[in-house]
Amino acid sequence: MEDEVRLRKAMAGLDAALIDAMIAKGRCVEVPAKVELLHEGGYVKELPVVLDGLVRVYIGHEEKELLLYHIRPAESCVMSFSALLGRSPSRINAVTERPSHLLLVPEVEVRGWLRDHPSFADLMFKLYDERYADMLRTVEQVAFGDLPTRLLDHLHRMAGVNGSEWLDVRHSKLAQELGSAREVITRTLKKLERDGRVEVGEHGLRVR
């Protein structure tokens, strides 16, 4: 019953028949923080939909990562969606940023809902548009932006995702997500603090 209430609240924008189908055919799971949901090369058997919590999607090379986007409540992973429909290996990694409740939907249901429920197709196309914009911005910043600008933008995005202007983050985690080194991130944050762009306090840091 609790899972049903959570699902109906998160997916309230969808049509009632689709929500009923999600309850009947989907599988709700509770996942702790820092659990890998998908890795590059793996196959997607069920489409994840976040009911509450937060999932980080990234690509990795050796020990570096590059954040692509976050999946928030009432959203799904478009890269997982693409891999599932194409029955192809995943090109991304996904990990829970904090404890999360997920709805897992089998492939056959995903295909049926795309055909029978326009609101589900509309949701996925909307997410495609938003995630494409996120990834295009990341590419532009990596190709043309300097690290201070990239770091400030990343902190702004994190504040929006977390719903708090104060961020409690490790320099090593920022370096990992930006494909940089911890020492470089530390130097950049100190410069941004001197320039008045970042404030550091007992609650962490925030962008001014």
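**Cavity lining and helix packing**

The lining of the largest cavity comprises 4 nonpolar, 3 polar and 4 charged residues, where Ala, Val, Leu, Ile, Met, Phe, Trp, Tyr, Cys and Pro count as nonpolar, Asp, Glu, Lys and Arg as charged, and the others, Gly among them, as polar. The model is predicted, so that local features need pLDDT of at least 70 and side-chain atom pairs count only at pLDDT 80 or more, whereas totals for chains, interfaces and linings use all residues. Residues are numbered from 1 along each chain as its sequence is written, and side-chain values use heavy atoms, with hydrogens and water left out.

The structure contains 1 cavity of 30 Å³ or more, and the volume of the largest cavity is about 80 Å³. A cavity is here a set of points, on a 1 Å grid over the protein atoms alone, where a 1.4 Å probe fits but cannot get out, and lining residues have an atom within 4 Å of a point; grid points are joined across faces, edges and corners, and a volume is the space filled by probe spheres set on the points. The lining is formed by Leu-66, Leu-67, Thr-138, Gln-141, Val-142, Arg-150, Asp-153, His-154, Arg-157, Glu-177 and Leu-178. Two or more of these residues come from each of β4, α5 (118–144), α6 and α7, helices (H or I, at least four residues) and strands (E, at least two) being DSSP runs numbered from the N terminus. The most is given by α6, with 4 residues.

Among the lining residues, Thr-138 belongs to helix α5 and is buried at 7% relative accessibility (buried means under 20% relative accessible area, exposed over 50%, partly exposed in between, with a 1.4 Å probe and protein chains only). Not counting residues up to four places away in sequence, Thr-138 touches Leu-66, Leu-67, Leu-68 and Arg-157, contact meaning heavy atoms within 4.5 Å.

In helix α7 (residues 171–178), the buried residues are Lys-173, Leu-174, Ala-175, Glu-177 and Leu-178, and these pack against β3 (46–61), β4 (64–71), β6 (93–106), α6 (147–162) and α8 (182–194). With α6, helix α7 packs at an angle of about 105 degrees, the axes lying 11 Å apart; axes are lines fitted to C-alpha atoms, for helices over the stretch in contact, and angles run from 0 to 180 degrees between N-to-C directions. The two helices α6 and α7 are therefore roughly perpendicular (65 to 115 degrees, with angles under 35 counting as roughly parallel, over 145 as roughly antiparallel and the rest as oblique). Arg-150, Leu-151, His-154, Leu-155 and Met-158 of α6 meet Leu-174, Glu-177 and Leu-178 of α7 in this contact, which has 5 nonpolar, 1 polar and 2 charged residues. Just after α7, Gly-179 adopts a positive phi of about 65 degrees.

A second helix pair is formed by α3 (residues 78–86) and α4 (residues 107–116), which pack at an angle of about 100 degrees with their axes 10 Å apart, and α3 and α4 are thus roughly perpendicular to each other. Phe-81, Leu-84 and Leu-85 of α3 make the contact with Glu-107, Val-110, Arg-111 and Leu-114 of α4, and the residues of this contact divide into 5 nonpolar, no polar and 2 charged.

Positive phi values also occur in residues other than glycine, including Lys-34, with phi near 65 degrees, and Ala-74, with phi near 75 degrees. Lys-34 lies in the loop between β1 (27–31) and β2 (36–38) and is exposed, with a relative accessible area of 62%, whereas Ala-74, in the loop between β4 and β5 (75–76), is partly exposed at 23% relative accessibility.

Methods: On a 1 Å grid over the protein atoms alone, a cavity is a set of points where a 1.4 Å probe fits but cannot get out, and a pocket is an open set with protein on both sides within 12 Å along at least five of seven lines; lining residues have an atom within 4 Å of a point.
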